[in-house]
Amino acid sequence: MEFLKKKSTEYTLKFLILLTLVVFVNLAMRHQIFRWDMTEEKRYSMNDATISMLQNLEEPVYVEVYLAGDINAEFSRLQTAIKQTLEQFKTYAYGNLQYSFINPDEATSANARNEFYRYLVDKGIQPTTVFDSEEGRKSQKLIFPGAEISYGGRSMSVILLNGNNAAGASQAITQSIENLEYELASTIKSLASPDRKSVALFQGKGSPTGDVLKGLNDAVSTKYDLIPVQNTERLSNFDAVIFVKPTEDFNNSELYDIDQFIMNGGKSLFFIDGLMMDVDSIKDYGALALPVETGLDNLLYNYGVRVNKDVLQDVNSGNFPIVTGNLGKDPQIQLLPWPYYIILNKYANHPIVRNMNAVYGKFVSSIDTVTANGIKKTPLIFTSDYTRKLNGPVHISFENLREDIKPENFNLQNVPVTYLLEGKFTSAYQNRLPPEGKVAANRKNKSLENSIIVASDGDLLLSEIDRKRNQPFPLGVDPYANHPSNFANDQLIVNMLNYLLDEDGLIISRNKELKIRPLDKVKVAEDKVWLQLVNVALPILLIVLFGILRFYWRKRKYAKFNG
């Protein structure tokens, strides 16, 4: 017992108890992750849906990033952000994620490098040309801001440069950094999910078919099963349906099927025109754009929106080729602004469209909202500050291309052309007899929480055809555009489907915002000497002062023992 009363024994026992407690806590908490994000905008925090997805991975994920090598400062910032994001992913995935950075230029020969370039392009990772200047010498090189993600024997490519080009290069990089979590997480989820949701592409009632839909099919099929459907009775077998530019009347029974699909929770996307117009139908004397009557207007009006029978013109437009004269026997073709082809670059602050590049619309109509109880109506896409509206029918001629576009004639601003509707929808057949052959007892008069999207342009999802090769361009490519990259029509439809069908809320991570706090260059120049003194001289002075005070303190302390 005397042994236990010794001070040394007491200290030893306390140390052993503390050590045992620390080991026990570490073992108990080894699968728990605690992180404290002290930034104002929570830039290092992740969406709960992302964390849950990573923690439930059953197999390792391999990420190969191709943004490496000799890159400029802005892309180095993106590269650093990618690495930080993947490190966070790796932590939450309990080591079930591995990544590497590969420099496409590190090939053994020029032929091998070009072959690798072609491999990346075939994978869908398009290069970006970077212009740089060093010591007065200008240079340009190709970089590949994308990655390939592999899981369970399958792989998918993801583009990591997704900002809005109109915002400028630096801001586009910042926007891409904000989107990193979503782009990487959604791709991993698509690979890891055993079941793919099915989407019906309605192709009846005069809707386009064939090659013009290839770009849409390529974009959607990366994450969903896109299946052509011509019979509305089959819609109940799908999670969502896309209506693209129908031009013929839906009968009462078909409208009832669509209504009940929505009442039972089906997600619907309507890309419809107010006026019927195709540029190929415009002859030398022009063509008349007439109202499109499909019967869908009655349903949409009941749900809270109306696609107007008009066409919009906008100063922020694309180009169209026109013969301006002849040089001998050869016609002289010139690209002129065509205000019916609108570059849509104004978005709501919503995860579907946030930080997205411009989309391209043709013969776009306006949309109005109407009263619908319990429905939240969110405009997603707007025209520019210089827009005008032409009520149908409208005579459209190529002679309009010869007219100068005068901004003062475009007196409308930010006209909504796409709406997201959310809430509990009321059936358009609530107080009506069902069509012949439909059973009233099976009718549902009110939906649970649901959402649909309405866009007033069917051409948003159609590909242009390369006349020389007779092949479709990818969705969002304008053969007459003088722009640095494709339009984001393909990203738009994928984001829409992700939002409507993503039950976990992964797309909410697109709301992440990074605040850039740049230095005031003018003030830095004015206070340069003072800032240098504070940052360089002051720390040295404080260290010297601390040494002097410590010397006198020690001298005074030990002088007592000598006295």
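Reader: Which residue stands opposite Lys-377 in S23?

Author: This is a predicted model. Start with the strands: S20 covers residues 375-382, and S20 and S23 pair in the antiparallel sense over 7 bridges. Opposite Lys-377, in S23, stands Leu-421.

Reader: S23 also has another partner. How many bridges join S23 to strand S24?

Author: Strand S24 takes in residues 446-455. S23 and S24 run antiparallel. The number of bridges joining them is 8.

Reader: Which residue of S24 is the bridge partner of Glu-422?

Author: S23 runs over residues 416-426, and its partner here is S24, residues 446-455. The bridge partner of Glu-422 in S24 is Ser-451.

Reader: How many of the 11 residues of S23 are buried?

Author: Buried means under 20% relative accessible area. S23 is mostly covered. Of its 11 residues, the number buried is 9.

Reader: Look at Thr-378 now. Does it count as buried or exposed?

Author: Thr-378 sits in S20. Its relative accessibility is 13%, and the cut-off for burial is under 20%. Thr-378 therefore counts as buried.

Reader: Which residues does Thr-378 touch, not counting those up to four places away in sequence?

Author: Thr-378 belongs to S20, and S20 pairs with S23, residues 416-426. Compare that range with the contacts. Thr-378 touches His-350, Thr-418, Tyr-419, Leu-420 and Glu-422.

Reader: What is the relative accessible area of Gln-332?

Author: Gln-332 is found in S16, a strand of residues 330-344. Partly exposed lies between 20% and 50%. Gln-332 is partly exposed because its relative accessible area is 34%.

Reader: What distance separates the C-alpha atoms of Ala-200 and Asp-239?

Author: Ala-200 lies in strand S7, residues 198-202. Asp-239 is 39 residues away along the chain. In space, their C-alpha atoms are separated by 7.9 Å.

Reader: What is the relative accessibility of Ala-200?

Author: Leaving aside neighbours within four places, Ala-200 is in contact with residues including Ile-227, Val-229, Leu-235 and Phe-238. The contacts also include Ala-240, Val-241 and Ile-242. Ala-200 counts as buried, with a relative accessibility of 0%.

Reader: Which strands stand at the edges of the sheet S2-S1-S5-S6?

Author: This open sheet has 4 strands, and the pairing is mixed. An edge strand has a single partner strand, so one side of it is left without a neighbour in the sheet. The strands placed this way are S2 (97-101) and S6 (154-159).

Reader: Which residue in S5 stands opposite Val-63?

Author: Strand S1 holds residues 61-65, and S5 holds residues 146-151. They run antiparallel, joined by 5 bridges. Opposite Val-63, in S5, stands Ile-149.

Reader: Which helix packs on the sheet, touching S1, S2, S5 and S6?

Author: Take the direction first. The helix direction makes about 160° with that of S6. The helix that packs here is H6.

Reader: At what angle do helix H3 and helix H6 pack?

Author: H3 is residues 48-55, and H6 is residues 169-192. Their axes are 10 Å apart. They are oblique to each other, which means neither roughly parallel nor roughly perpendicular. The angle is about 40°.

Reader: How many residues of the contact of H3 with H6 are nonpolar?

Author: The crossing is left-handed. H3 gives Thr-50, Met-53 and Leu-54, while H6 gives Glu-181, Ala-185, Ile-188 and Lys-189. Of these, 1 is polar and 2 are charged, and the number of nonpolar residues is 4.

Reader: Which helices are included in what covers the buried residues of H3?

Author: The buried residues of H3 are Ala-49, Thr-50, Ile-51, Met-53 and Leu-54. Thr-50, Met-53 and Leu-54 also take part in the contact with H6. The cover includes helix H4 (73-92) and H6.

Reader: One more sheet. Which are the edge strands of S11-S12-S22?

Author: This open sheet has 3 strands, with antiparallel pairing. An edge strand pairs on one side only. The edge strands are S11 (275-276) and S22 (394-396).

Reader: Which residue in S12 is the bridge partner of Met-276?

Author: S12 is made of residues 287-291. S11 and S12 pair in the antiparallel sense over 2 bridges. The partner of Met-276 in S12 is Leu-290.

Technical notes:
Residues are numbered from 1 along each chain as its sequence is written. This is a predicted model: local features need pLDDT of at least 70, side-chain atom pairs count only at pLDDT 80 or more; totals for chains, interfaces and linings use all residues. Side-chain values use heavy atoms; hydrogens and water are left out. Axes are lines fitted to C-alpha atoms, for helices over the stretch in contact, and angles run from 0 to 180 degrees between N-to-C directions. Angles under 35 degrees count as roughly parallel, over 145 as roughly antiparallel, 65 to 115 as roughly perpendicular and the rest as oblique. A crossing is left-handed if the near helix is turned anticlockwise from the far one by less than a right angle, and right-handed if clockwise. Contact means heavy atoms within 4.5 Å. Ala, Val, Leu, Ile, Met, Phe, Trp, Tyr, Cys and Pro count as nonpolar, Asp, Glu, Lys and Arg as charged, and the others, Gly among them, as polar. Two strands pair if DSSP finds at least two bridges between them. Buried means under 20% relative accessible area, exposed over 50%, partly exposed in between (1.4 Å probe, protein chains only).
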